[in-house]
Amino acid sequence: MSNCFVHIALPLPTPRLFTYIVPERMMNDDPEHNNGTRLVGVRALVPFGKRILTGVIVQAVNIPPLKDAKEILELLDPEPVFSPTMLTFARWIADYYLATLGETLKAALPQGMTVESVVRVSTLKTPTEVEITAMEHRAPRRAELLRELLRHDGDVSVGYLEKMVGANGGSVAVQLEALEQLGYIERHRSLGKEVKPKMQRAIEIASELSDEALLRTVLDKLDANSPKQAMLLSHIYLHQLRNPDQPLFVREALVAVKSSDSTLKALIQKGYVAEYQAEVLRVETALPEGSPTLIQRDETAVTLTIEQDHAVEKILEPLRHEKFKAFLLHGVTGSGKTLVYIQAIREALKLGKSALLLVPEIALTPQLIERFRAVFGNLIGVMHSHKSAGERYDAWRMARSGQAKVIIGVRSAIFAPLTNIGVIIVDEEHEPSYKQDAPAPRYNARDCAIVRGGLENAVVVLGSATPSLESMFNARNGKYHLLEISSRADGAEMPTVRVIDTVDQRKRKRLHGSFSQDLLDAVIDRAKKKEGVILFQNRRGFASRLECLDCGTIPMCPNCSVALTYHKYREQLRCHYCGHSHAAEKACTNCGSMALREIGFGTQRIEDELMQTLATMRTTNNEDANNQAPSNKPPPITIQRMDLDTTSRKGSHRQMLTEFAQGKIDVLLGTQMVAKGLDFARVTLVGVINADMQMYLPDFRAAERTFQLITQVSGRAGRSSELKGEVIVQTAHPRHQTILAAVAGSYELFYNDELQFRKEAMYPPFSRFVMIEFSGREENIVHQQAHYFAHLLPHHHKAFVVLGPTAPSIARLRSQYRRIIVIKGLKDADPTGRILREVLLSTHAAYNANHPSSAVHITIDIDAPGFV
């Protein structure tokens with residue numbers, strides 16, 4: 001039998017494929033298997049230099065024998081994990097976003113399915129205190145590494161050491177090599193941990209008791225002599241009758257009958273019960289009966305409005321004919337877009353198809369999952385980054401096997417291995433979190449959904465109350481079918497909106513910290529009525545920074561060119577970009593002054609201010625008329641802050657929302673977490689503390705994101721026909737066009753003005769916005785290499801415009817100095833972007849040939865979300 005050769009895509013930043021031999025022992029008698037055809041889409045463990053990597057077989061090739069070709073070490077799958085359609089999809093992503101096929105296929109698999117060898121380090125001898133002290137003087141980073149290693153009993157990975165010790169110094173390879181030569185450590189390679197199915201002890205009736213008459217005899221005997229054993233055996237028997245395909249796990253059985261392990265052992269010893277290992281899926285299940293629910297209504301019993309019904313019918317037409325079509329569903333907040341999604345998915349399931357629902361990470365709330373689980377039960381699978389590797393792996397396998405027919409997930413769920421997809425829905429399609437930042441591929445899941453829908457002959461629905469300008473532009477140009485829902489469901493009305501001019505309020509002394517008198521009065525009024533209040537401030541922490549009043553020094557992040565955010569409750573300064581943190585200084589590090597001022601307002605400070613102001617108002621009697629405080633004494637008000645700091649513990653997010661729904665929490669204060677995906681009838685007031693926070697950022701999308709945030713958070717109020725909603729927007733720029741459009745609730749007003757600005761400045765949707773970033777630890781080298789690259793780009797091309805290189809607003813990030821080149825690809829001259837991508841590839845190749853530098857890392861971001 002001749003050798004079979006295959007091309008394998010490895011997760012490396014190189015576009016080439018690598019040729020390997022499939023050993024005869026891995027082949028079978030099937031002719032198609034022997035020529036490698038059926039191996040396409042299978043994962044393979046292969047040697048690569050000194051490393052071992054997991055790649056994907058993408059092509060079987062018939063070529064002359066290659067002398068230097070290596071053998072595959074192991075085929076990891078009995079059947080392909082990538083279908084031909086998914087391989088085509090991955091190739092499109094790699095081509096469009098200038099990534100490699102290997103990187104793209106790795107991104108499509110759950111963590112733990114692409115194992116590779118890692119270098120691990122262990123200590124051979126312990127240095128004396130004299131030796132390590134001398135090393136600290138001579139080579140401090142080497143000594144720091146050794147001290148870190150001595151803290152561990154076993155070996156640790158090099159990646160861990162670089163994270164703990166190498167933050168400011170880069171790679172630790174040179175220091176490790178020196179320590180190895182001195183005999184203190186040894187380095188070795190081992191395979192990383194592969195994610196596998198979780199197994200648990202399960203029990204069943206022994207085959208010897210398959211005769212029902214014999215089983216009854218045994219039960220009667222046990223009932224007389226060992227009633228606990230009889231109860232457990234009876235429970236096992238009944239479980240097998242009712243659920244013949246589901247294993248009964250030992251733990252569940254013992255809890256159900258309040259029995260012990262000794263009772264089970266006795267039944268096993270008597271030969272009545274057999275124990276075995278069964279797989280347990282690490283997935284979310286329906287809530288236990290009687291648990292508090294976040295569902296506000298029975299979705300299956302709701303009658304659709306005329307506009308909802310029209311949207312559903314239009315979506316179902318191509319779905320029933322198995323034809324690809326893209327829709328933009330533009331519905332005001334509270335218009336019932338979710339009900340349209342549910343009806344479309346129900347029809348897809350009736351047709352024997354599957355469905356994919358993408359949501360932004362920030363909007364993937366327990367409430368949304370409960371709403372869909374109430375309709376579709378255990379057909380739901382959930383994929384998002386807060387799950388463990390095992391949970392993600394099980395959800396992936398459920399999608400692949402067809403056990404989960406409906407997948408709900410964040411952007412990475414676009415790769416879910418569903419078969420026979422009928423509908424792909426992208427909720428809140430405008431959200432920037434659909435764009436992958438790092439690592440490659442830097443894809444936009446919304447745009448990828450359109451491509452996958454075309455490949456699968458599926459219907460694609462993009463939904464939003466505030467569609468991105470690109471999506472609305474596509475809809476009005478006929479690329480998408482525009483569906484609009486202009487009124488709220490269930491007879492609810494849009495909330496009234498009031499604008500508070502904070503400049504005027506400050507002059508009139510009607511500001512209490514960050515709160516206007518009007519907003520405070522409204523909060524107190526709702527609390528007395530036991531109605532819900534949501535307050536929005538799009539910055540976590542207590543203050544944006546500390547500042548010395550004497551010399552003006554501001555504590556800066558040592559790794560990034562940004563001020564550290566002050567978190568008061570932990571007395572901590574923290575960088576929200578790289579994660580660096582340390583205890584807040586009590587005195588200025590420059591002049592020693594104790595006069596440190598807190599500048600700016602985060603959610604912690606807003607919470608603190610509100611509690612202090614309300615407490616003061618309760619204890620103040622006979623207020624002076626000039627003190628503008630409300631005459632009505634506020635009742636006890638429960639305030640809950642919801643941001644990344646308070647929701648890090650598993651289950652905390654759901655617990656907060658449950659208590660808010662039950663009325664145990666009066667005021668929910670938070671960042672974007674409270675702006676999207678929440679649907680509570682009791683919410684009658686929304687307060688936007690500072691509407692200007694994003695509006696003047698140096699980003700061409702700043703106005704769009706401000707409009708979207710204000711509109712989205714405003715939409716949380718008044719979602720019931722019984723309770724009228726109100727929104728209070730505090731701003732220093734009440735006449736700004738973005739604020740006026742958001743307050744008027746007019747998407748048209750904003751869209752028309754913003755589109756004209758984008759056209760004049762040649763920003764998307766009229767161009768492709770591409771950002772090339774250069775980063776490294778030496779600023780002068782980064783600057784030099786960026787100019788080398790820029791010099792190689794054509795600067796007078798009809799298909800694009802080149803700007804830069806220049807330093808971005810954050811010129812240093814995670815210890816890396818940065819320069820950027822911005823390219824606007826003109827869609828009129830290059831509709832598909834093919835010309836621009838070819839120029840970028842050829843320029844990158846010329847750069848690598850003439851000016852290679854290992855000290856500078858280059859990333860090319862196609863359709864970048866904006867300036868960073």
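This report covers a helix pair, a one-sided helix, a strand residue and some unusual backbone geometry. The model is predicted.

**Helices α2 and α16**

Two packed helices are described by the angle between their axes and the distance between the axes. Helix α2 spans residues 84–96, and helix α16 spans residues 445–456. Their axes come within 10 Å and cross at roughly 145°. The crossing of α2 past α16 is right-handed. On the α2 side, the contact is made by Thr85, Met86, Thr88, Phe89, Trp92 and Ile93. On the α16 side, Cys448, Val451, Arg452, Leu455 and Glu456 take part. Sorted by class, this contact has seven nonpolar, two polar and two charged residues.

**Helix α8**

Helix α8 runs over residues 212–225 and has 14 residues. From first C-alpha to last it reaches 20 Å, close to the 20 Å expected at 1.5 Å a residue. Which residues of α8 are buried? They are Leu215, Val218, Leu219 and Leu222. Seen down the axis of α8, the buried residues fall within an arc of 100°, so they line one face of the helix. The cover over these buried residues includes α9 (227–242) and α11 (261–269). On the other side of α8, Arg216, Asp220, Lys221 and Ala224 are exposed.

**His857 in strand β37**

His857 is found in strand β37, residues 857–861. Is His857 buried or exposed? His857 is partly exposed, because its relative accessible area is 48%, and partly exposed covers values between 20% and 50%. Leaving aside residues up to four places away in sequence, His857 touches Glu773, Phe774 and Ser775. Ala744 is 113 residues from His857 in sequence and 46 Å from it in space, C-alpha to C-alpha.

**Backbone geometry**

Two cis peptide bonds come next. One joins Ala440 and Pro441, with omega about 5°. Pro441 lies in the loop between β17 (421–427) and α16. Another runs from Pro764 to Pro765, with omega near 15°. Pro765 sits in the loop between α24 (747–761) and β33 (767–776).

Positive phi also occurs outside glycine, at Leu98 and at Glu571. The table sets out these residues.

| Residue | Phi | Loop | Relative accessible area |
|---|---|---|---|
| Leu98 | about 55° | between α2 and α3 (101–107) | 21%, partly exposed |
| Glu571 | about 50° | between β25 (565–567) and β26 (572–574) | 31%, partly exposed |

Helix α2 thus appears in two settings: it passes α16 in a right-handed crossing, and the loop between α2 and α3 holds Leu98.

Technical notes: Residues numbered from 1 in each chain as written. Predicted model: local features only at pLDDT ≥ 70, side-chain atom pairs only at ≥ 80, totals over all residues. Heavy atoms only, no water. Axes fitted to C-alpha atoms, helices over the stretch in contact; angles between N-to-C directions. Helix = DSSP H or I, 4+ residues; strand = E, 2+ residues; numbered from the N terminus. Left-handed = near helix turned anticlockwise from the far one by under 90°. Contact = heavy atoms within 4.5 Å. Nonpolar A, V, L, I, M, F, W, Y, C, P; charged D, E, K, R; others polar. Expected span 1.5 Å × (residues − 1). Buried < 20%, exposed > 50% of the residue type's maximum accessible area, 1.4 Å probe, protein only. Arc of directions from axis to C-beta.
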